[in-house]
Amino acid sequence: MGTCVEEIALEKERSVIDTWSRLYGFQEEDIRKAMKKTRTPVLWINGLDCTGCMESFLRGISSTTELLLDWISLEYSELLSSASGHQAESHKGRISEEYDGKFVLVIEGAIPLKDEYLTVAGKSVREEIIATAQKAKAVLAFGSCSAWGGLPAAKPNPTESVSIRELVPNVPVVLVPGCPPIADVMIGTLLHLAIYGEIPELDNKGRPKRFYRQTVHQVCHRKPFFDKGLFAESYDDEKALKGYCLFKLGCKGPSTFNACETLGWNGMRTSPIGAGFACIGCSEKNFWDKGPLCHRKVRAGAKIKAKAR
Ligand code: SF4
Ligand code: SF4
């Protein structure tokens, strides 16, 4: 019979395997094999951003702590590193040299082409990212700002911000858009790299297929109301309280690819639509520039054709 400590460790292992198989479809055998590997070094560099993506990342249900402590080695993060200043900067440089071709680079935020808008330790962040990306095993763009340019690149884009792909077109980048992205989508993407040593299968826009293969609308819990033509007319009417579809309030779920209605938010308890607000299409390219975030003109009396997708 094992000791109490061994039993706790086994139980933790069991729960990690169950959760990751269920959420991400990883095979138990692959997870067990990967448990014997050394942790994957990760450098997390911020461009112009609000740090909301990292805030979201820290609130995943699928074992953020296990990921951070047992599976990856987060070597540099302006938000989480306890070291700062020259110490942290020289460590970042050392990791990219020592683990050339072996570390994962996460980019959060858009990158300004005008260097005066973003320097860290007196150096251009744009130049740092270009140099570091060439050495990375994989580059992950976490959030709509790094994936598409996001808010910093919205018109009139005074900082001349660009996405990571525009900055380093010669480097393959996995896009994990969202404003912010769902924690378990970021975690699942990083875990895939840690377990399989390669990037997950991507769609034609470079997003992990597993998480971005459906529109929010296709699996929305309000879709039965959409199909019956039952719509809320305002956020505080009785129909909204009954959970009717938010299409007439400008919901962009039908044209937005994300896992909000499958993986969900806040420990899979809810989603923005579940909380009563329409999807604003935050994971789609240039959503800030696509007119009012929640607005749709529907002619009085016009019939909205329910179309199952
Ligand atoms: S329009 Fe929006 S609220 Fe209505 S079913 Fe589609 S995603 Fe859900
Ligand atoms: S529901 Fe739409 S706007 Fe809200 S987080 Fe999901 S994709 Fe973004």
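**Charges, contacts and cover**

Trainee: How far apart are the closest N and O atoms of the salt bridge between Glu127 and Arg126?
Mentor: A salt bridge needs a side-chain nitrogen of Lys or Arg within 4 Å of a carboxyl oxygen of Asp or Glu. Glu127 and Arg126 form one, and their closest N and O atoms are apart by 3.5 Å.

Trainee: What kind of model is this?
Mentor: Residues are numbered from 1 along each chain as its sequence is written, while chains are lettered from A and ligands numbered from 1 in written order. Side-chain values use heavy atoms, leaving out hydrogens and water; local features need pLDDT of at least 70, side-chain atom pairs count only at pLDDT 80 or more, and totals for chains, interfaces and linings use all residues, as this is a model that is predicted.

Trainee: Is Glu127 buried, partly exposed or exposed?
Mentor: Buried means under 20% relative accessible area, exposed over 50%, and partly exposed in between (1.4 Å probe, protein chains only). Glu127 has 47% relative accessibility, so this residue counts as partly exposed.

Trainee: How many salt bridges does the structure hold?
Mentor: Side chains of opposite charge can pair when their charged atoms come close. Here, the salt bridges number 19.

Trainee: Why are Lys92 and Glu89 separated by about one helical turn?
Mentor: Lys92 and Glu89 form a salt bridge, with their closest N and O atoms 2.9 Å apart. Both residues are buried. They share helix H5 (residues 85-98; helices are DSSP runs of H or I, at least four residues, numbered from the N terminus). The separation of about one turn follows because they are apart by 3 residues.

Trainee: Which residue forms a salt bridge with Glu201?
Mentor: Glu201 is exposed, because its relative accessible area is 55%. Its partner is partly exposed, at 35% relative accessibility. The closest N and O atoms are 3.1 Å apart, and the partner is Lys209.

Trainee: Which residues do salt bridges with shared partners join into one network?
Mentor: Salt bridges that share partners link residues into a single network. Its members are Glu13, Arg14, Asp18, Glu28 and Arg32.

Trainee: Which helix holds Thr189?
Mentor: Thr189 has 0% relative accessibility, so this residue counts as buried. Beyond four places away in sequence, Thr189 touches residues including Leu140, Val174 and Phe211 (contact: heavy atoms within 4.5 Å). Thr189 lies in residues 183-196, which form helix H10.

Trainee: What is the relative accessibility of Lys285?
Mentor: Lys285 is found in the segment after helix H13 (238-241). Lys285 counts as partly exposed because its relative accessibility is 46%.

Note on methods:
Helix = DSSP H or I, 4+ residues; strand = E, 2+ residues; numbered from the N terminus.
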